[in-house]
Amino acid sequence: MPTAPSPALPLPSPAILANQHIYSDYFDEDYVRAVDKHLLQLLDRVWFRSKLVGFENYPQRNNPERPLLFASNHSGMAFPWDAMVALSHLLRILPGMYHLPRPLSAPMLSQSVLMNPYLIPNFWKKCGCVDATTLNFETMMYCNDHNLMLYPEGVPGIGKGFNRKYQLQRLATSIIRLGIEHRTDIMPYYTVNGEYLNPYAYSWDWLNKWTKKIGIPFIPVGPIIIMVLLQPWFFYLAYPAKLTFVLGTRIKPYELTEKPPSELTREDYLALSEQVRQQMQTELDAAVRAHGQQPYRWGELWQRIKANWSYFPFFLPFAWPELFREFERQYAERGPEGVDLRLTKPGSWLRMIWRNPFTLTFFIPVLGWIPIAIRGYKGHRIGKSIIN
């Protein structure tokens, strides 16, 4: 018996065709590799000690014409080190950039320099991030050079607070809708111990409402908040949680309903989104039970520090402002082949401070925030069009 033909995939609209410049805007593959080589490999090897579980047989596309949709839970109340480490680790095990997912990130991360690591302009976009707007998401479905990575909880997932750790918030219906329309699969993976990058931090909706007006999606109120005032580099701090990424069960959203996309209503998509959320929550709970009982593993951390002592202090967070800023300076001046941070050479940290005097502001109590804010909000713009 002949098989029924697959439904025709949607063609790009004029708006999508006009928006396809986002494929290459700012994105620099050499920059991605250099960030991994010169920055994240050391931080991961010592501080985060990331582990991939279940990625041995890396997922392949079910539909060669469309990207796979990798989806994970957000780490609440933390700067997105978890996504940086996940992508960096994947880059090291994949055969080529083609397989590496490109992230759809909350627009607030790119709308102010402050939300880029250590005020490096366009850091996220140079690393391949695309603002997670509805139009951008739909446009990226026609970008066959990469798969996609997204956090379908959106900003509420980041700001859910430690009291709701590992509790998936409502998922964006757009991931279900586009998965159905383009007949491509969702590959969930679960970030374990990311909640401990900034533990015991909580949020209040009334406070977040005001901070969003200055481009900060949430304010984590907890032990770290006083140190953020006294030492601005704490704004980007991550505790040494052992990040573990567990691949989940492939989801075929187009098989969850018998209705064609043209007949699905908003209520249908909400119901399907909740069905997927419940499946992901069950798998996330299992991943936490298996890998989240010792989030820091202090003994392992100490062993990694001793084994990499020649790189002191660069694996510790207080040295990251100088490390990132010096990398950016050298990359801008010399290109990817000219970066040479000389991390094991005596006095290298002091030389980085000398070459990047602005980094001293990260260590000035209270008053250091004045120049940081001036530079961080220069040209700031507010945007609200986020996928839902």
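This is a short tour of one helix, α13, and of the helix α2 that packs against it.

The model is predicted, so local features need pLDDT of at least 70 and side-chain atom pairs count only at pLDDT 80 or more, while totals for chains, interfaces and linings use all residues. Residues are numbered from 1 along each chain as its sequence is written, and side-chain values use heavy atoms, with hydrogens and water left out.

Begin by selecting residues 320-334, which form helix α13 (a helix is a DSSP run of H or I with at least four residues, numbered from the N terminus). Helix α13 has 15 residues and reaches 21 Å from its first C-alpha to its last, close to the 21 Å expected at 1.5 Å a residue (the expected span is 1.5 Å times one less than the number of residues).

Colour the buried residues next (buried means under 20% relative accessible area, with a 1.4 Å probe and protein chains only). Twelve of the 15 residues of α13 are buried, so the helix is largely enclosed by the rest of the structure; among them are W320, P321, F324 and Y331.

Now add residues 29-48, helix α2, which packs with α13 at an angle of about 160 degrees, the axes being 11 Å apart (axes are lines fitted to C-alpha atoms, for helices over the stretch in contact, and angles run from 0 to 180 degrees between N-to-C directions). That makes α2 roughly antiparallel to α13, a term for angles over 145 degrees.

Finally, show the side where the two helices meet (contact means heavy atoms within 4.5 Å): residues of α2 including Y31, L39 and W47 meet residues of α13 including L323, F327 and E328.

Note on methods: Angles under 35 degrees count as roughly parallel, over 145 as roughly antiparallel, 65 to 115 as roughly perpendicular and the rest as oblique. Buried means under 20% relative accessible area, exposed over 50%, partly exposed in between (1.4 Å probe, protein chains only).
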